[in-house]
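Open the model in your viewer and keep the sequence panel beside it. This tour goes stop by stop: what to select, then what is there.

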Amino acid sequence: MSVFARLKAAALDDWNSYVDHAFIRQMEDGTLPEAVFQSYLVQDYLFLIQFARANALAIYKSRTLDDMRIAQTSLNVIMNEMNLHVRLCERWGLSPADLEAAPEHRATVAYTRYVLDCGASGDLLDLHVALAPCVIGYAEIGKRLEPALLANPDHPYREWISEYASDGFQEAAQASIAHLDRLAELSLTEKRFDGLTAIFAAASRLEADFWQMGYDIADERRNHPAGIKPLGA
Ligand SMILES: Cc1ncc(CN)c(N)n1
């Protein structure tokens with residue numbers, strides 16, 4: 001059994017709260033309100049900036065060139081992923097500069113800084129476990145939602161689903177699963193597994209909170225049309 005499969009089994013409720021969130025079910029059947037998706041996507045751009053930093057941190061924490069190359073590949077995947085956000089947001093009249101200037105929601109801060117802290121205070125395995133729900137979860141979601149595209153050629157979330165169901169993204173997730181196994185061979189003891197499960201479970205819950213944030217921002221916008229208050233206001 002892979003380390004990822006063990007972590008998922010040990011934190012199954014948290015994992016399912018993420019990959020089977022209402023956001024995903026509404027996306028699958030095409031009923032996800034566009035305002036919710038837009039709110040999520042703007043924050044996701046900010047999220048990816050911080051996750052690029054987390055992968056850069058993984059390069060820094062690496063002791064071997066192989067580990068560095070793997071983190072560099074993940075960093076490239078994230079940088080490419082941001083093109084999707086730029087393309088989709090352009091249709092709403094939002095430029096990359098608008099996205100970068102958007103205030104970070106507390107759910108974005110909570111998740112990204114949690115992962116960065118796992119990397120800063122832990123070792124490379126801690127950091128990769130904290131990063132794992134990101135790429136592996138979206139690959140699982142992309143595969144789950146792919147049949148919805150066959151059923152509906154005009155699916156409103158076709159581009160988003162295609163990105164995460166794509167061979168390139170699926171390969172990145174498989175590489176991440178294999179890399180966790182290699183890292184674990186070097187430094188995973190049974191004693192350490194509970195601590196890693198706690199990191200994995202927390203990151204999965206923070207992913208679930210991230211979907212929820214899309215609804216919360218859309219609600220805040222409806223109730224306060226002047227805009228979201230900047231963080232800390
Ligand atoms: C919140 C979140 N988690 C994961 C991914 C996939 N890289 C993403 N774009 N956004």
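Start by selecting Ala208. Leaving out residues up to four places away in sequence, Ala208 touches Ser17, Tyr18 and His21. Contact here means that the C-beta atoms of two residues, placed from the backbone, lie within 7 Å. Ala208 sits in helix α11. Helices are DSSP runs of H or I with at least four residues, strands are runs of E with at least two, and both are numbered from the N terminus. Is Ala208 buried or exposed? Ala208 counts as buried because it has 23 C-beta neighbours inside 10 Å. The cut-offs: 20 or more other C-beta atoms within 10 Å of a residue's own is buried, 12 or fewer is exposed, and in between is partly exposed, with C-beta atoms placed from the backbone. Now add Ala130, 78 residues away along the chain; the two C-alpha atoms are separated by 14 Å.

**Before moving on**

This is a predicted model: local features need pLDDT of at least 70, side-chain atom pairs count only at pLDDT 80 or more, and totals for chains, interfaces and linings use all residues. Residue numbers run from 1 along each chain as its sequence is written. Colour by pLDDT, the predictor's confidence in each residue from 0 to 100. The protein averages 95, and 97% of the residues score at least 70. For the complex, the predictor gives an ipTM of 0.99 and a pTM of 0.94.

**The ligand**

Select the ligand and its surroundings. Which residues are around the ligand? They are Asp44, Phe47, Leu48, Glu81, Cys134, Val135, Tyr138, Glu207 and Phe210. To be listed, a residue needs its C-beta atom, placed from the backbone, within 6 Å of the molecule. Two or more shell residues come from each of α4 (34-61), α8 (124-151) and α11 (190-223). By class, the shell has 6 nonpolar, no polar and 3 charged residues. In this scheme Ala, Val, Leu, Ile, Met, Phe, Trp, Tyr, Cys and Pro are nonpolar, Asp, Glu, Lys and Arg are charged, and the others, Gly among them, are polar.

**α4 against α7**

Show α4 with helix α7 (residues 106-121). Their axes come within 10 Å and cross at roughly 0°. Axes are lines fitted to C-alpha atoms, for helices over the stretch in contact, and angles run from 0 to 180 degrees between N-to-C directions. The two helices are therefore roughly parallel to each other. Angles under 35 degrees count as roughly parallel, over 145 as roughly antiparallel, 65 to 115 as roughly perpendicular, and the rest as oblique. The contact includes Gln43, Leu46 and Phe47 of α4, and Thr108, Tyr111 and Thr112 of α7. By class, this contact has 9 nonpolar, 5 polar and 2 charged residues.

Zoom in on Thr108. Outside residues up to four places away in sequence, Thr108 touches Gln43, Leu46 and Phe47. Thr108 and Gln43 are 65 residues apart in sequence, yet 6.7 Å apart C-alpha to C-alpha. Thr108 is buried because 24 C-beta neighbours lie inside 10 Å.

**Leu180**

Next, pick Leu180 in helix α10 (residues 167-187). Leu180 has 25 C-beta neighbours inside 10 Å, so it counts as buried. Beyond its neighbours within four places in sequence, Leu180 is in contact with Val3, Phe4, His128, Val129 and Ala132. His128 is 52 residues away in sequence and 6.9 Å away, C-alpha to C-alpha.

**Last stop: Trp92**

Select Trp92, in the loop between α5 (65-90) and α6 (96-101). Trp92 counts as exposed because it has 11 C-beta neighbours inside 10 Å. Add Gln38: it is 54 residues from Trp92 in sequence and 8.6 Å away in space, C-alpha to C-alpha.
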